[in-house]
Amino acid sequence: MSRINMAVLLVLGLLLVTAKQSTQMSLRNPSAEIESSNCKLATLRVGLVLASDTNEKALLDSDLFTPDSDNPYVDHAGRRFNIGKLGSTPIVYVKTGTFSVNVATGVQTLLHEFNISEIVFFGNAGSLNKNVLVPGDVLVPEAVAFTGVWEWKEFRAQNKGQLAFGQFNYPVNGENTLGTVAYENITLYSPSEDPEEVFWLPVPLPWYEAATEQLTKDLKLKECHSGRCLPRTSKVILGLKASTSDFYLKNEAYGEFLVGKFSASTADSASAAVALTALSNEKPFVVIQGVSNVVGVDGSYPELASQNAFQVAAAFIGLLPTQRLACE
């Protein structure tokens, strides 16, 4: 059985205990009776992951988070893990810091130290395609990938799939002798299977469908912040792919390359690290990205992007059951 199928089974088991007449009701109410000597309903917490101060400010300004009265936080390995409820859902949230190493370390610590049922990540990203995503929009991607893992090749190497830097010079005819790079897979580890070389990290399908079914209904996103308003109505976009790397992408031509080669729609420095760590721990996850800018285009709305991403994350978390089936 593949680890992706294992993740699917984990999610299906989670959803089966909440089967009711509608999707929304099934996500909110656990089954009243569990006929099993080894299983019981338990209160598990959602792991809410964010990377930056701007993301955390969006959460705190919402007034939706209530710290636990007895044990509001735990400090571990230099990070603060905040314990409480988002609305009525028990959560632990952590600000990991930016870039993939910090994000992966923060998520792994969260999963190791707390009884976490699933991971919800929200953060900011840059749009690679202004015809699809603009500032203020929120993307819930179906898969993410590390696109900053490279193998350097000799200058003018022309093997299929490589990126020749000289093709992306400004001015166009400028000389560039940096050579080319080939995109590398990453190794996905898990406790139940041998290591596997992968490129795309998909959100487990039943989880993704449950996460997104309600998000486009009656959810009005913000369009103004500090007197700055967007030119059009913000929207939630589902079903695209996202890229992650540890450099801030400003080159429009390189953004077009990512769109053309990988059909990626956004770029950030965190999402793939969340996905890889969640899959390695066989935990379901969802990624929610607020678009703050378009690569290569002036103008950025980081606060508005964070607010809208958090709004979608909070709406999704509100659909989750407060109790889950825990088996020994």
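1. A salt bridge is a side-chain nitrogen of Lys or Arg within 4 Å of a carboxyl oxygen of Asp or Glu. Keep that in mind as you look at this structure, which is a predicted model. Searching the whole of it turns up 6 salt bridges. Let's walk through some of them together.

2. Start with Lys95 and Glu56, whose side chains meet in a salt bridge at 3.2 Å, N to O. Lys95 belongs to strand β6 (residues 89-95) and Glu56 to helix α3 (residues 53-61), so this pair ties together parts that are 39 residues apart in sequence. The two partners also sit in different surroundings: Lys95 is partly exposed, with a relative accessible area of 29%, whereas Glu56 is buried, at 17%. If you wonder why 17% earns the word "buried", the reason is that buried means under 20% relative accessible area.

3. Stay with helix α3 for a moment. Asp61 forms a salt bridge with Lys57, and their closest N and O atoms are 2.6 Å apart. How far apart are Asp61 and Lys57 in helix α3? They are 4 residues apart, which means a separation of about one helical turn. Asp61 is partly exposed, with a relative accessible area of 47%.

4. Now find Arg232, which forms a salt bridge with Asp137; the closest N and O atoms are 2.5 Å apart. Both partners lie in loops: Arg232 in the one between β17 (228-229) and β18 (236-238), Asp137 in the one between β7 (116-127) and β8 (138-140). The pair therefore ties together parts that are 95 residues apart in sequence. Is Asp137 buried or exposed? Asp137 is buried, with a relative accessible area of 0%, while Arg232 is partly exposed, at 31%.

5. Salt bridges can also share partners, and here Asp53, Glu56 and Lys95 are joined in that way into one network. You have already met two of these residues, Glu56 and Lys95, as a pair.

6. Next, have a look at strand β2 (residues 45-50). Of its 6 residues, 5 are buried, so the strand is largely enclosed by the rest of the structure. What does β2 pair with? It runs parallel to β7, joined by 5 bridges, and parallel to β6, also joined by 5 bridges. To trace the pairing on screen, follow Leu48 to its bridge partner Val120 in β7, then Val46 to its bridge partner Ile91 in β6.

7. Val120 appears again in the largest nonpolar core, which has 59 residues. Which members touch the most other members of this core? They are Leu110, Ile119, Val120, Leu201 and Ile288. Another core, of 12 residues, lies apart from this one; Phe199, Phe257, Phe262 and Val295 are among its residues. Leaving aside residues up to four places away in sequence, Ile288 touches ten residues you can look up, including Val120, Phe122, Leu139 and Val312.

8. Finish with Gln289, in strand β21 (residues 285-294). Its relative accessibility is 0%, so Gln289 counts as buried. Where does its side chain find a polar contact? The side chain of Gln289 makes one with the side chain of Thr266, at 2.6 Å. Not counting residues up to four places away in sequence, Gln289 also touches Gly123, Ser271 and Ala309, among others. Another residue that Gln289 touches is Asp137, the salt-bridge partner of Arg232.

Conventions. Residues numbered from 1 in each chain as written. Predicted model: local features only at pLDDT ≥ 70, side-chain atom pairs only at ≥ 80, totals over all residues. Heavy atoms only, no water. Helix = DSSP H or I, 4+ residues; strand = E, 2+ residues; numbered from the N terminus. Buried < 20%, exposed > 50% of the residue type's maximum accessible area, 1.4 Å probe, protein only. Polar contact = N/O pair within 3.5 Å; in protein donor to acceptor, adjacent residues only side chain to side chain. Contact = heavy atoms within 4.5 Å. Core = buried A, V, L, I, M, F, W, Y, C linked by side-chain atoms within 4.5 Å. Pairing = 2+ DSSP bridges.
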